[in-house]
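Please walk through the model shown below, going from single residues to strands and then to the whole chain.

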Amino acid sequence: VQLQASGGGLVQSGGSLRLSCAASRSRFKISAMSWHRQAPGKQRELVALISDGGTTNYVDSVEGRFFISRDYAKDTIYLQMNSLKPEDTAVYYCNVEGTYYGRTYNRNYWGQGTLVTVSS
């Protein structure tokens, strides 16, 4: 499984950005896809997750501002980020979790990070 993330950049406080992450897979059943972020000097944290059934979850700090969605035909997830704050500045990573056909062991893969910088 390979993940290709894009869409980061520099934006002013209050602005919006949309991140994309496209998955390339073979014989791999996805159970969930998610976005994580890591700010300088901090641990990586889960930001938003979407299950294969479409259920979404968000960390409290982005609830109501960030929205995760998935295009099942393109195996791509998006993170629409609105009302951005300086504390949202981080490298954002996408993740896919699932199993290979015929296997029961759960695996997850990371995309390369994309930097989001929010200026005050």
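Ser69 lies in strand β7, which covers residues 66–71. The model is a predicted one. With a relative accessible area of 34%, Ser69 is partly exposed, since that class lies between the limits of 20% for buried and 50% for exposed. Neighbours within four places in sequence aside, Ser69 is in contact with Ile50, Thr76, Ile77 and Tyr78. Leu79 is 10 residues from Ser69 along the chain, and their C-alpha atoms are separated by 6.7 Å.

Strand β1 takes up residues 2–6, and Gln2 belongs to it. Which residues of β1 make up its covered face, and which its uncovered one? Leu3 and Ala5 form the covered face, while Gln2, Gln4 and Ser6 form the uncovered one. The general background is that side chains in a regular strand alternate between the two faces of the sheet. Gln2 itself is exposed, at a relative accessible area of 58%, a value on the exposed side of the 50% limit.

The partner of β1 is strand β3, residues 17–24; the two run antiparallel and are joined by 5 bridges. Within this pairing, Ala5 of the covered face has Cys21 in β3 as its bridge partner. Gln2 is in contact with Ala22, Ala23 and Ser24, leaving aside its neighbours within four places in sequence. From Gln2 to Cys21 the C-alpha to C-alpha distance is 9.9 Å, with their positions 19 residues apart in sequence.

Strand β4 spans residues 28–38, and 8 of its 11 residues are buried, so β4 is largely enclosed by the rest of the structure. Buried here stands for a relative accessible area under 20%. Two pairings of β4 can be followed in the model. One is with strand β9, residues 90–100, in the antiparallel sense over 10 bridges; in this pairing Ile30 has Gly98 of β9 as its bridge partner. The other is with strand β5, residues 45–51, also antiparallel, over 6 bridges. Here Ser34 is matched with Leu49 of β5 as bridge partner. β4 and β5 form a hairpin with 6 residues between the strands, and in that hairpin Gly41 takes a positive phi near 75 degrees.

The whole chain comes next. How many helices and strands does the protein have? There are 0 helices and 11 strands, so the pattern read along the sequence is β-β-β-β-β-β-β-β-β-β-β. The radius of gyration is 14 Å, close to the 14 Å that the globule rule gives for 120 residues, so the protein is as compact as a globular protein of that length. Taken along the principal axes, the box filled by the C-alpha atoms is roughly 50 × 25 × 25 Å.

Of the 120 residues, 41% count as buried. Among contacts with a separation of 6 or more, 54% come from residues 24 or more positions apart. The protein exposes about 6500 Å², and carbon and sulfur atoms supply 47% of that area. As for charge, there are 13 positive and 9 negative ones, and their mean positions are 8 Å apart.

Note on methods. Residues numbered from 1 in each chain as written. Predicted model: local features only at pLDDT ≥ 70, side-chain atom pairs only at ≥ 80, totals over all residues. Heavy atoms only, no water. Helix = DSSP H or I, 4+ residues; strand = E, 2+ residues; numbered from the N terminus. Rg over C-alpha atoms; globule rule 2.2 N^0.38 Å. Buried < 20%, exposed > 50% of the residue type's maximum accessible area, 1.4 Å probe, protein only. Contact = heavy atoms within 4.5 Å. Areas by Shrake-Rupley, 256 points an atom, 1.4 Å probe, with all protein chains shown as cover. Lys, Arg positive; Asp, Glu negative; His and termini not counted. Charge placed at Lys NZ, Arg CZ, Asp CG, Glu CD. Pairing = 2+ DSSP bridges.
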